[in-house]
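Grab a pencil and work through a few exercises on the fold shown here. Try each task before you read its solution.

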Amino acid sequence: MNEPLSCAQYCPRARQDKHIARACHCATPADRLKAVRLLFIGDVVGAPGRKAVASLLPGLRQQHGVDVVVANGENSAGGSGITPDTAADLFAAGVDVITCGDHLFDQPEVAELLDSETRFVRPLNHPPGTPGQGSTVWEHPGLPAVAILNLQGRTFMPPMENPFHAARAEVKRLRGLARVIFVDMHAEATSEKIAMARMLDGQVSAVIGTHTHVQTADEQILPGGTAFLCDAGFTGPHDSCLGRDYEPVIRRFLTGAPQRFHVARGRVLLQGALIEIDPESGCARSIRRISEPLAA
Ligand SMILES: [Fe+2]
Ligand SMILES: [Fe+2]
């Protein structure tokens, strides 16, 4: 596991004037309130991914003193989409809020989640009239409120409303409800994810990318105090192409002919990121990548 990055290293007191309307998160340890520890789990793929969450999450919660768990569940049903049953598996395993992405409508049963599950968010920037919610505020006794916002990029992705305009307005609203704000930016292009994080720097606690299923090594705390990781990776079988058997994917690239992409088997990892957040300022104190193997 990687060593956490320290906010003191990335955000010295000399830069605290950038923390507009926020307390400086570089206070001495004695001055600090207990951090909120948020574990984000990258795209959970199929039964192997759900099994990894169920098996590994209790230990991770205990090991890291995790307060709140957010997981991207867009591939939790056979690798494509999400159903009430696969969402229930994740909630039962200890996930508090589930985010989604471009596979939102792959399973028709998702309608039930969109209509009635307050712990499920889909990308905010769907057109007006789309069922479901783009954000939620998670509350738990003894902990500060945590807002979770889901966005979807447009570069090499299906057409959507502009996520940048949508994010600006929604973050402004959420800042009236919670100081801790987590953003799952579901997007293909690194540039779009970096630009979103830079635009929201100092206004949200973390912007973590999903969708590519490849964990990046760029975890950092931006100058305004927002934790960032371009992609959290995925939770599922890694001897694969993004969680699917790679042979049909190779055939698809060789011939262009449609193939069935089954969820792979074998070496399973739970991937994501652990973020420590100052409850008063909402700034991130540290971020570390998580990549935990599931014992065979
Ligand atoms: Fe996706
Ligand atoms: Fe995905």
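What follows is a set of exercises, each with a worked solution.

Some ground rules come before the tasks. This is a predicted model, in which local features need pLDDT of at least 70, side-chain atom pairs count only at pLDDT 80 or more, and totals for chains, interfaces and linings use all residues. Residues are numbered from 1 along each chain as its sequence is written, while chains are lettered from A and ligands numbered from 1 in the order in which they are written.

**Exercise 1. Get the overall picture.**
Task: find how many helices and strands the protein has, and what share of its residues is buried.

Solution. Start with the elements: there are seven helices and 13 strands. Both are DSSP runs numbered from the N terminus, with at least four residues for helices (H or I) and at least two for strands (E). Next comes burial: 49% of the 296 residues are buried. A residue is buried with 20 or more other C-beta atoms within 10 Å of its own, exposed with 12 or fewer, and partly exposed in between, with C-beta atoms placed from the backbone.

**Exercise 2. Order the open sheet.**
Task: work out the strand order of the six-stranded open sheet and name its edge strands.

Solution. Reading across, the order is E5-E6-E7-E8-E10-E9, and the pairing is mixed. Strands pair if DSSP finds at least two bridges between them. E5 and strand E9 (220-221) are the edges, each pairing on one side only. Now zoom in on E5 and E6: they run antiparallel and are joined by four bridges. One bridge to look for puts Trp 138 opposite Val 146 in E6.

**Exercise 3. Place two helices.**
Task: say which strands H5 lies across, and how H5 and H6 cross.

Solution. H5 (residues 163-174) lies across E5, E6 and strand E7 (180-186), at about 170 degrees to E6. The axes of H5 and H6 come within 11 Å and cross at roughly 30 degrees. Axes are lines fitted to C-alpha atoms, for helices over the stretch in contact, with angles from 0 to 180 degrees between N-to-C directions. So H5 is roughly parallel to H6, a label for angles under 35 degrees. At the interface, Pro 163, Phe 164, Ala 167 and Val 171 of H5 meet Met 196, Met 199 and Leu 200 of H6.

**Exercise 4. Look at E3.**
Task: decide whether the faces of strand E3 are covered or open.

Solution. Five of the five residues in E3 (residues 68-72) are buried. Split them by side: Val 68, Val 70 and Asn 72 sit on one, Val 69 and Ala 71 on the other, and both faces are covered. Then find the neighbour: strand E2 (residues 36-41) runs parallel to E3, with four bridges between them. Leu 38 has Val 68 in E3 as its bridge partner.

**Exercise 5. Track down Pro 144.**
Task: where is Pro 144 found, and why does it count as partly exposed?

Solution. Pro 144 is in the loop between strand E5 (135-138) and strand E6 (146-152). Pro 144 counts as partly exposed because it has 19 C-beta neighbours inside 10 Å. Leaving out residues up to four places away in sequence, Pro 144 touches Val 36, Arg 179, Val 180 and Pro 279; a contact has C-beta atoms, placed from the backbone, within 7 Å. Take Val 36: it is 108 residues from Pro 144 along the chain, yet their C-alpha atoms are separated by 8.0 Å.

Definitions and conventions. Parallel < 35°, antiparallel > 145°, perpendicular 65-115°, else oblique.
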